[in-house]
Each structure stands twice: as structure tokens, then as C-alpha cells.
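User: I've got this chain open on my screen and I'd like a close look at one part of it. Could you walk me through the helix that comes first and what it packs against?

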Amino acid sequence: MMKQYETMYIINSSLEEAARQELIAQMHGIITNHGGSIDNVDEWGMRDFAYRIDDMTKGYYVVVTFTVGVEGLNEFDRLMRINANVVRHMTISTDEKNGK
């Protein structure tokens with residue numbers, strides 16, 4: 001069963017633009033490779049952190065809304081966790097918010 005989710009993730013600020021865009025495409029490709037769809041991508045850009053994270057003071061914020069099954073979500077989450085260039089990420093289900 002497909003559900004809608006929203007993930008905010010922070011990319012290491014030291015990545016160059018081309019590498020950052022490639023990483024974003026790669027992460028979103030995980031969703032589409034599992035039969036899901038990317039519904040919206042909102043790049044907030046470079047932001048300062050409220051506190052240091054692993055000796056970093058800023059990161060590149062991306063918010064993505066997508067629809068995918070559980071298997072695709074689990075793989076997306078797993079690869080987000082092990083990617084060294086993803087500083088932090090958090091996923092929430094937006095189905096409850098949309099009254100589903």
C-alpha cells in the first residue's frame with residue numbers, strides 16, 4: 001500500500017553544487033525505483049545550525065514529499081542513514097495530516 005511521506009534532510013555544506021544535485025537525484029531515485037513518486041521538492045538551501053553537528057555549523061536543507069510503499073520507504077531510510085553526506089534526516093507520514 002502506498003502512503004505519502006515528507007522527509008527533511010540536511011546535506012553536508014562542503015559538497016559542491018553538482019555533487020549535491022547528484023546526491024539529491026540519487027536519493028529521490030530510490031523512491032521512484034521502488035514504484036513511488038516524488039510529489040514535491042523544496043530546496044531551502046544553505047542554513048546555519050542552531051548548534052554544531054559533527055563540527056559543522058551549516059548545511060543544505062531539502063524537504064521532499066513523496067508517495068511510496070513500505071519497502072521503498074525502508075530502503076530510502078536505510079540509505080539516508082548510511083550516506084556520509086547526509087548530516088540528518090527525518091521522515092513523517094503525511095497521510096494522517098491529509099486525513100487518510
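Before we zoom in, among contacts in the chain between residues at least 6 apart in sequence, what percentage join residues at least 24 apart?

Analyst: Sure, and keep in mind that this is a predicted model. Your number is 72%: that is the share of contacts between residues at least 6 apart in sequence that join residues at least 24 apart.

A quick frame for the helix. The chain has two helices and four strands, and from the N terminus the elements go β-α-β-β-α-β. Its radius of gyration is 14 Å, close to the 13 Å that the globule rule gives for 100 residues, so the chain is as compact as a globular protein of that length. The C-alpha trace spans about 40 × 25 × 20 Å along its principal axes, and 40% of the 100 residues count as buried.

Now α1 itself. With 17 residues at 1.5 Å each, α1 should span 24 Å, and its end C-alpha atoms do sit 24 Å apart, so the two values agree. After the helix comes Gly-35, with a positive phi near 80°.

The buried residues of α1 are Arg-20, Leu-23, Ile-24, Met-27, His-28, Gly-29, Ile-30 and Ile-31. What do they pack against? Their partners are β1, β2, β3, α2 and β4.

Ile-24 makes a good example. This α1 residue has a relative accessible area of 5%, and since anything under 20% is called buried, Ile-24 qualifies. Leaving out residues up to four places away in sequence, Ile-24 touches Tyr-9, Ile-11, Glu-43, Tyr-60 and Val-62. You can also check Ile-24 against Val-86: they are 62 residues apart in sequence, and their C-alpha atoms are 10.0 Å apart in space.

Two of those Ile-24 contacts, Tyr-9 and Ile-11, turn up again in the largest nonpolar core. That core has 18 residues, and Tyr-9, Ile-11, Phe-66 and Phe-76 have the most contacts inside it. The elements giving two or more residues to this core are β1 (3–12), α1 (17–33), β3 (56–68) and α2 (70–82). Apart from it lies another core of six residues, including Ile-10, Phe-49, Met-56 and Tyr-61.

Phe-76 shows another set of links to the helix residues. Setting aside neighbours within four places in sequence, Phe-76 is in contact with Met-27, Ile-30 and Ile-31, as well as Thr-7 and Phe-66. Met-27, Ile-30 and Ile-31 are among the buried residues of α1.

On to the strands that α1 packs against. They form an open sheet, four strands in the order β2-β3-β1-β4, with antiparallel pairing. β2 (37–53) and β4 (86–93) stand at the edges with a single partner strand each, so one side of each has no neighbour in the sheet. Ignoring direction, neighbouring strands are turned by 20° against each other on average. Between β2 and β3, which run antiparallel, there are eleven bridges, and Ile-53 stands opposite Met-56 in β3. Met-56 is also one of the residues in the six-residue core.

One last spot, for when you follow the chain past β4: Thr-94 sits in the segment after that strand. Thr-94 counts as buried, at 4% relative accessibility. Not counting residues up to four places away in sequence, Thr-94 touches Gln-4, Tyr-5 and Glu-6.

Definitions and conventions: Residues are numbered from 1 along each chain as its sequence is written. This is a predicted model: local features need pLDDT of at least 70, side-chain atom pairs count only at pLDDT 80 or more; totals for chains, interfaces and linings use all residues. Side-chain values use heavy atoms; hydrogens and water are left out. A nonpolar core is a set of buried Ala, Val, Leu, Ile, Met, Phe, Trp, Tyr and Cys residues joined through side-chain atoms within 4.5 Å. Buried means under 20% relative accessible area, exposed over 50%, partly exposed in between (1.4 Å probe, protein chains only). Contact means heavy atoms within 4.5 Å. Two strands pair if DSSP finds at least two bridges between them. Axes are lines fitted to C-alpha atoms, for helices over the stretch in contact, and angles run from 0 to 180 degrees between N-to-C directions. The expected span of a helix is 1.5 Å times one less than its number of residues. The radius of gyration is taken over C-alpha atoms; the globule rule is 2.2 Å times the number of residues to the power 0.38.
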